[in-house]
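Colleague: Could you walk me through this structure, one piece at a time? I am new to this, so plain sentences would help.

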Amino acid sequence: DFTGSGRTLLQQSLDRMVKIQKRGPHAEFLRPQNVLVLATKHLVLPMSRQLGLPSSQFLVDPARRGTWPAILWAMAHIGLRSPEAVLAVITSDHVIKDLQAFRMGVALAISSVHDQAALAMLSVRPSSSPERWCGFGCFRMDSKGGRGFRGASPVIEFEEKPTLERVEGMIQEGGWYWNSGMFFFRLAVAEQALRELQPAMFTTYQEISSEIRKGNLSKARKLYERFPAKISHPSDPSREVDNTIDYAIAAPLVHDPKRQIQVLGIKGALPFWTDLGQWDALRDLIPPDMRGNVRIGAVAIARSVRNCIVAAGDSARVEVSGLKGKIVAYSGGSALIMRASEAGCVKDLVAELLKRPLERVIQLGNGVNEIKGKGGRILTYNVGGTRISMTRNRLSVVGTDSTLED
């Protein structure tokens, strides 16, 4: 529960969808029984308890292949019971404060794709800080399209995670928005796009759908492993990128002059939006104390600590002193200590952890630390000169002058 609301981001994501008040032919879409949750196997039980949804509404990724294959896995199951379904792909790592605007945007997105061959995306007006743009996908909408501020406009350009120099150019051009990662489309339209743009994946998708229809789930899971985790960049075939709906479908559709499927951006749905994909984004959500520290959970911070993000999970306690500009997080027996300025490296660090499943202490980058404790796992990255002590429910990190960072 990062927001202190009593509801986790996952629970808030479900709340926003099922509580939308909408009348008309699409109202059934918003019923709780029409919610499916894509998850990894070990998360199904805790997520089911937290959301109050039966395990039958969870779909487990058969293998680690990326977000677009996961969506295709869901599509193959949904197609059995509702071939004409409209899908809303909703992420759960965002904080959305203006619920009325969000719900109006979702309703508009659903109606925009229901009766035409289109894929809709919720847009976010970027912040004024250019450096914050670099971690997001961006798209530009046709200023002549749409229906006012809260409208659906054709997307005419699409770029994924631009450089800082390119971002500065985008600001000068105007009309660019962040991609929230939330997509809306009819099942049949997504299948058409898949067939035209990714024929190999479409063949695998057809075979998976056929086996699911026959009740051969084990064979369908095996076929799922054919999906690639990486695909060629749509505008630079020499580069490989993650297999996401952005790269596989959205960007190719936008840049295809002969496209029959429209890509639409929905304006005004997310006026107060924070993406919590990185630890430093918490500064946009939680007011820091007088020394610039952000606290989550049961933490004790000495007066010597400056500009740190310190987080403790349920039933855990974290104590820190002598640190500046660091991230210290402890939950479920795992601890992370790293520079806050390098928060964007966490995904790469997790990938490294997965390669070393049996190592309890991993120190990456520069620096050596004194580490004591039994059980659990500790990861440090570019941090040295600290004394780290871990017990079952307590983590202590004590720094020295060498761990202070300007």
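**A walk through the model**

Modeller: Asn382 is a good place to begin: its relative accessibility is 13%, so this residue counts as buried, and please keep in mind throughout that the model is predicted.

Colleague: Where in the chain is the place of Asn382?

Modeller: Asn382 belongs to the loop that runs between strand E21 (377-381) and strand E22 (387-390). Leaving aside residues up to four places away in sequence, Asn382 touches Arg339, Glu342, Leu364, Gly365 and Asn366.

Colleague: And what about phi of Asn382?

Modeller: Phi of Asn382 is near 55°, which is a positive value in a residue other than glycine. Ser315 also has a positive phi, near 65°, and is likewise a residue other than glycine.

Colleague: Is Ser315 buried or exposed?

Modeller: Ser315 has a relative accessible area of 65%, and because exposed means over 50%, Ser315 is exposed. Ser315 is found in the loop between strand E15 (309-312) and strand E16 (317-321).

Colleague: Changing topic, how many aromatic pairs does the structure hold?

Modeller: The structure holds 6 aromatic pairs. One of them is formed by Trp178 and Trp273, whose rings are 5.9 Å apart centre to centre with 55° between the planes, and this pair is tilted.

Colleague: Which parts does that pair tie together?

Modeller: Trp178 lies in strand E8 (residues 176-186) while Trp273 lies in strand E12 (residues 273-275), so the pair ties together parts that are 95 residues apart in sequence. Both Trp178 and Trp273 are buried.

Colleague: Which residues do ring pairs link into a cluster?

Modeller: Trp73, Tyr224 and Phe227 are linked into a cluster by ring pairs. Rings also take part in another kind of arrangement here, since the charged end of Arg195 sits over the ring of Phe202, at 5.6 Å from the ring's centre, and Arg16 lies over the face of Phe102, 5.7 Å from the ring centre.

Colleague: Now the second largest pocket, how much space lies in it?

Modeller: About 370 Å³ of space lies in the second largest pocket. This pocket is lined by 21 residues, and those closest to its centre are Val124, Arg125, Pro271, Phe272 and Trp273, so Trp273, from the tilted pair with Trp178, appears here again.

Colleague: Which elements give two or more residues to that lining?

Modeller: E5, E8 and E12 each give two or more residues to the lining of the second largest pocket, and the largest share, 3 residues, comes from E12. By kind, the lining residues divide into 11 nonpolar, 4 polar and 6 charged.

Colleague: How far apart are Leu285 and Trp273?

Modeller: Leu285 and Trp273 are 12 residues apart in sequence, and from C-alpha to C-alpha they are 9.8 Å apart in space. Leu285 is placed in the loop between E12 and strand E13 (294-296), and its relative accessibility is 17%, so Leu285 counts as buried. Apart from residues up to four places away in sequence, Leu285 touches Phe2, Thr3, Val95, Lys97 and Leu276.

Colleague: Last one, which residues of helix H7 are buried?

Modeller: In helix H7 (residues 187-197), the buried residues are Leu187, Val189, Ala190, Gln192, Ala193 and Leu194. These buried residues of H7 pack against helix H3 (67-81), strand E3 (86-89), strand E5 (118-124), E8, helix H8 (199-214) and helix H10 (245-255).

Note on methods. Residues numbered from 1 in each chain as written. Predicted model: local features only at pLDDT ≥ 70, side-chain atom pairs only at ≥ 80, totals over all residues. Heavy atoms only, no water. Helix = DSSP H or I, 4+ residues; strand = E, 2+ residues; numbered from the N terminus. Buried < 20%, exposed > 50% of the residue type's maximum accessible area, 1.4 Å probe, protein only. Contact = heavy atoms within 4.5 Å. Phe/Tyr/Trp six-rings, centres within 6.5 Å; stacked < 30°, edge-to-face > 60°. Lys NZ or Arg CZ within 6 Å of the ring centre and 35° of its normal. 1 Å grid on protein atoms, 1.4 Å probe; cavity = no way out; pocket = protein on both sides within 12 Å on 5 of 7 lines; lining within 4 Å. Points joined across faces, edges and corners; volume = space filled by probe spheres on them. Nonpolar A, V, L, I, M, F, W, Y, C, P; charged D, E, K, R; others polar.
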